[in-house]
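Colleague: Could you walk me through this model before I go back to the bench? I would like to start with the strands and then move on to the packing.

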Amino acid sequence: MVKHCSVFRDKTELEQGVAKMAELRQRFKKVVLKDRTDYYNTELPSVLELGNMLDIAYSTLIGALAREESRGAHTRTDFPKRNDEKWMQHTLVTKKDDTFSLSYKDVSFTKYEPTERKY
Amino acid sequence: MKIDLKIRRFNPTTKNGREPYYQAYSIEASEGMTVLEALMSIAAAQDPTLSFRRSCRSSICGSCAIKINGFTKLACSTQIIPEHEKAHEMVLEPIANHTVLKDLIVDFDPFWKKLDKVKPYLMPPETQPEGRTKEVHISEKDAEAIDHAQKCIMCGSCNSECNALEIEKKYLGPAALAKAWRFVGDVREEGGRKRLGRLSDDHGIWDCVRCVHCVEYCPKGVEPLTAIERLRSRAIQEGIKDNHGAKHVEAMVNSVKKVGRLDEAAMTFKTLGLLRSLGMIPFGLKMEMHGKMPHPHLFPQIKKIDEVRTIYAEIKRKNKNAKKKPKG
């Protein structure tokens, strides 16, 4: 994630990252516990956490790849400009039967309208 | 740098682990590596069955207190190479005065129960006292008096090293008493006197033997002993003297005042009263057999008793002056 999905990102790095993460998620399916006891098994939560982390990392990668603009800590070197017209929306990732799908939700703002950072 | 570790293992659910044993591991330690990092690398790469508590890795959560080469420390704030250089070994054990559940994990239930006993929350007056219109202002001095006690991260290091807790499991322990002072010493607190009454009961503030271990081993500078001593003097100031601890202190003060030294032989009667002292006779005989029995002085009074009395008079005068000054 540090190499492929840091603050500065571009299409090629992100695509490589998605491919690598997909491979890691496949490998995770074969995960085994070495500690087979059921008493203060601290390996179990760490394995469960790893699975969740892989899911979150994958969601972050596909979301970043689809968002072709720069916004805050998401800086696409291939799309350096902020694009409010198309991307003023939240990315939603849904996992269903091991496939991830992207959908979007409009941003609701009240008193303060978000504006481009000028510094 | 290669470092060999010995870790105390225990797992009551397995055949091999039912009896505690020490297991040897070996790791490649790098400059600045902490003991916790060593444990995590062992669990990740060598033996996933090794169990220990950890969370923040920066000495703020209080999860990873363990015994490192015999002394209680936070694994996350102890570097492994300097520690190894001192002892030429690295023995990791669970903290003392707690029941071990598995490997380095101990049962913290008694710890939390004792903390509950001191009611670790502020008890302000239920209704606004008459004449008070604004909120209570806390001066810098007021805050300083309890500041040390609120730094506690509840790692249990003090309780692990506490000598009084080792012989009396019911003793509230330094951690809970430090928390008690945090509220008794708070200027907004209303139930202070009630609390002090309860804390002066058996297994409360007077069980402490003042060995200073809790101050020495606290990773956050809480100084539980300071808190206990402040609770004690506050309890006596409030006139809560009907207990062995306060009586012992009073007897000591009076003995020095009267004869200029501690008349140890008379202390038992003054602390426990005549009837209870009779019950101590078997204990006294044992002490005598070991040559530990304090014998009464033939002429207990020292020659320069006047000098001692001058000191007492001076203390009395100072206390009087302190009381005259307005608070705050």
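**Strands, helix and core**

Modeller: Strands β3(B) and β4(B) run antiparallel and are joined by four bridges; strands here are DSSP runs (E, at least two residues), helices are runs of H or I of at least four residues, and both are numbered from the N terminus, while two strands pair if DSSP finds at least two bridges between them. This is a predicted model, in which local features need pLDDT of at least 70 and side-chain atom pairs count only at pLDDT 80 or more, whereas totals for chains, interfaces and linings use all residues. Residues are numbered from 1 along each chain as its sequence is written, chains are lettered from A and ligands numbered from 1 in the order in which they are written, and side-chain values use heavy atoms, with hydrogens and water left out.

Colleague: Which residue stands opposite Thr72(B)?

Modeller: That is Lys67(B). Thr72(B) and Leu74(B) point to one face of β4(B) and are buried, while Phe71(B) and Lys73(B) point to the other and are not; buried means under 20% relative accessible area, exposed over 50%, and partly exposed in between (1.4 Å probe, protein chains only).

Colleague: And which residue in that hairpin takes a positive phi?

Modeller: Asn69(B) does, with a phi near 50 degrees, in a hairpin that has two residues between its strands.

Colleague: Switching to helix α1 of chain B, which residues are buried there?

Modeller: Within residues 35–45, the buried ones are Val35(B), Leu36(B), Ala38(B), Leu39(B), Ile42(B) and Ala43(B). Seen down the axis of α1(B), they fall within an arc of 160 degrees (taken from the directions from the helix axis to the C-beta atoms), so they line one face of the helix. On the other side, Ala44(B) and Ala45(B) are exposed.

Colleague: Which residues touch the most other members of the largest nonpolar core?

Modeller: Of its 65 residues, they are Leu5(B), Ile7(B), Ile80(B), Leu92(B), Leu199(B) and Leu231(B); such a core is a set of buried Ala, Val, Leu, Ile, Met, Phe, Trp, Tyr and Cys residues joined through side-chain atoms within 4.5 Å. Domain 1 (2–106) and domain 2 (109–125 + 138–237) of chain B both give residues to this core, so it lies between them; the domain bounds come from an automatic or database domain assignment.

Colleague: Last one: how many residues of chain B are in contact with chain A?

Modeller: There are 13, in contact with eight residues of chain A, where contact means heavy atoms within 4.5 Å.
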